[in-house]
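User: I am new to this structure and would like to go through it in questions and answers. Please define each term when it comes up.

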Amino acid sequence: MKIKPIIYASIVFILALGVLIYSQLGSAQKTVPKVKLSYFENTDQFAEAIQSRLQQEILNEKSFWFGIEPEKQKHLDLALSFKKQIEKQNGKFDFIFVDQELSLKPEQLSEISTAEQVLVRDEWPKLAERIENLKDKKYFLITAAIYSTSFLHGNPIHKIKEKIQKNIMTFSSGHFSNDIIDEDSGVFRCSTEDKEGVSAWGCAVVNKSRAQRKKLNAEKKSITGLMDLSGEKDYMILVR
């Protein structure tokens with residue numbers, strides 16, 4: 001008779017623990033590795049690895065968003081390299097859009113001098129209408145990662161996809177930190193005091209970086225990167 005309460009309490013504890021774990025897993029957005037942690041001589045090589053891994057998926061797409069960390073040149077370089085890789089397979093894009101909020105300098109836009117400036121956050125309804133009117137035209141859009149990722153519900157890409165009822169292939173790059181101090185180098189932080197509503201993306205980047213650090217070879221003097229599938233057509237890229 002004395003054993004029964006102990007058994008009962010143990011069963012209740014195990015069930016409660018199971019519910020807690022299940023709820024935590026359910027609320028966390030899972031990602032699937034697509035390009036494992038690798039070292040690249042330049043962004044062209046990294047972009048080629050991404051294109052090669054997603055060759056068939058890219059072939060069937062006409063809409064591409066690439067989100068970067070503002071003020072990080074290598075992220076912009078990767079976006080431009082990836083655009084070139086897609087064009088090798090799919091042909092030239094009909095339209096190139098650049099988010100005006102990125103405040104890119106003329107020399108940064110030299111490779112895409114014909115790009116049209118748009119305001120992704122403030123004028124997303126207008127952008128949605130423009131995209132819808134493109135029909136079967138191919139376009140490539142560069143914006144901030146927080147506007148392109150599926151981790152942030154209610155951001156511009158989420159609103160636009162709902163409005164036009166069409167999925168869009170998106171790539172969002174984050175800073176691959178090599179230690180806790182370096183995590184502050186990311187533009188979009190992982191913080192409990194999330195006044196801007198971007199912490200879900202910042203924490204996803206930080207958590208992925210932490211999970212991969214033990215594999216990181218700090219002596220490698222090259223670009224380090226990886227890519228995970230984080231949504232139906234949404235990809236998270238880490239770069240350092």
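The turns below cover the core, one helix, the disulfide and the charged side chains.

User: What kind of model is this, and from which number are residues counted along each chain?

Analyst: This is a predicted model, in which local features need pLDDT of at least 70 and side-chain atom pairs count only at pLDDT 80 or more, while totals for chains, interfaces and linings use all residues. Side-chain values use heavy atoms, without hydrogens and water, and residues along each chain, as its sequence is written, are numbered from 1.

User: Which helix gives the most residues to the largest nonpolar core?

Analyst: A nonpolar core is a set of buried Ala, Val, Leu, Ile, Met, Phe, Trp, Tyr and Cys residues joined through side-chain atoms within 4.5 Å. Buried means under 20% relative accessible area, exposed over 50%, and partly exposed in between (1.4 Å probe, protein chains only). The largest core has 64 residues, of which Trp-65 and Phe-171 touch the most other members. Six residues come from the helix that gives the most to this core, H4 (residues 73-90).

User: How are the buried residues of helix H2 placed around its axis?

Analyst: Helices (H or I, at least four residues) and strands (E, at least two) are DSSP runs, numbered from the N terminus. In H2 (residues 43-53), the buried residues are Thr-43, Phe-46, Ala-47, Ile-50 and Gln-51. Taking the directions from the helix axis to the C-beta atoms, these buried residues line one face of H2, because they fall within an arc of 135°.

User: Which cysteines form the disulfide, and what is its handedness?

Analyst: A disulfide is a pair of cysteine sulfur atoms within 2.5 Å, and the whole structure holds one. The disulfide joins Cys-190 to Cys-203, with the sulfurs 2.0 Å apart. Cys-190 is in the loop between strand S6 (169-175) and helix H8 (199-212), whereas Cys-203 is in H8, 13 residues away. The torsion about the S-S bond of Cys-190 and Cys-203 is about 85°, so the disulfide is right-handed.

User: Which residue pairs with Lys-233 in a salt bridge?

Analyst: A salt bridge is a side-chain nitrogen of Lys or Arg within 4 Å of a carboxyl oxygen of Asp or Glu, and the structure has eleven. Lys-233 is partly exposed, at 24% relative accessible area, and its N to O distance in the bridge is 2.6 Å. The partner, 172 residues apart from Lys-233, lies in the loop between H3 and strand S2 (63-68). That partner is buried, with a relative accessible area of 10%: Glu-61.

User: Which residue joins Lys-83 and Glu-87 in a network of salt bridges?

Analyst: Lys-83 and Glu-87 meet in a salt bridge of 3.1 Å, N to O, and both are buried. Being four residues apart in H4, they are separated by about one helical turn. The network links this pair with Lys-92.

User: How far is Lys-138 from the nearest side chain of opposite charge?

Analyst: Lys-138 sits in the loop between helix H5 (124-133) and strand S5 (139-144). Lys and Arg count as positive and Asp and Glu as negative, while His and the chain ends are not counted. Contact means heavy atoms within 4.5 Å, and beyond four places in sequence Lys-138 touches residues including Lys-62, Asn-90 and Asp-94. Lys-138 is buried and has no salt bridge, the nearest side chain of opposite charge being Asp-94, at 5.6 Å.
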